[in-house]
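Trainee: Could you show me how to read the way a helix sits in a protein?
Mentor: Let us look at the model together and take one helix as our case.
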Amino acid sequence: MISPDLPSPGLPLEDRAAARSSVSRTLAAVVRYRHLLRNLVLKDLKLKYRGSVFGVAWSLLNPLLMIVVYTIAFTHILQIRTEGFVFYLMLGILSWTFFAGSLSGSTGSIADNGGLVKSVFFPRAILPAAGVLFNLSQYLLTIVVFLPVMLLYYGVTPAAPMLLFPVFVALQALFTIGLALILATAAAFFRDVRHLVDVALAVLFW
């Protein structure tokens, strides 16, 4: 009789070690390589705005245009008079933009960096996590700039439950990172996952 505490003779040492890996170990590894994570996010930000005249302002111009279009459409064309409707609609759309952009950009992060993955040792989870944090930084910038403006323009009175908004943002970010890890891993083996994600996001928006 084989003791349950002894390793099974049919499993290689590598497989037994992999079987004992857990989410906590992955998180600990990401924390140890947090400087790499930060550098990847900063690199993406620099590449996005390199050579651009307006630079980071583009992260604000796109949401601003979206706010203007939705305000005109729902307030003046459809004439929806529900108090605060456009304000809460825009919060939802900005949140969805962060979620969809994160998944779309992170799904292929491991597959697209195959050379880096094979040549340098680091937690693979950092790649999709960096994609999510890159989008999160732009989302937070948009919220910080436009949230006070939207509160004033749409005449929404600040209330105590709004203090929980940062908590919801943090929970959404964690959920998005977890989903991005799953999709990025799947896309490393099945390239069609990236296209399926794009289709799914387009459908889920509506």
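Trainee: Which helices do the buried residues of H10 pack against?
Mentor: They pack against helix H5 (85–106) and helix H9 (165–189), where contact means heavy atoms within 4.5 Å, and helices are DSSP runs of H or I with at least four residues, numbered from the N terminus. This is a predicted model, in which local features need pLDDT of at least 70 and side-chain atom pairs count only at pLDDT 80 or more, while totals for chains, interfaces and linings use all residues. Residues are numbered from 1 along each chain as its sequence is written, and side-chain values use heavy atoms, with hydrogens and water left out.

Trainee: Which residues of H10 are buried?
Mentor: A general idea helps here: an α-helix has 3.6 residues a turn, so residues three or four places apart point the same way. In H10 the buried residues are Val 193, Val 197 and Leu 201, buried being under 20% relative accessible area, exposed over 50% and partly exposed in between, with a 1.4 Å probe and protein chains only. Seen down the axis of H10, these buried residues fall within an arc of 75 degrees, so they line one face of the helix; the arc is that of the directions from the helix axis to the C-beta atoms.

Trainee: Which exposed residues does the face turned away from the buried side carry?
Mentor: That face of H10 carries Asp 192, His 195, Leu 196, Val 199 and Val 203.

Trainee: How many helices and strands does the protein have?
Mentor: Its secondary structure comes to ten helices and zero strands, and buried residues make up 33% of its 206 residues.

Notes
Helices (H or I, at least four residues) and strands (E, at least two) are DSSP runs, numbered from the N terminus.
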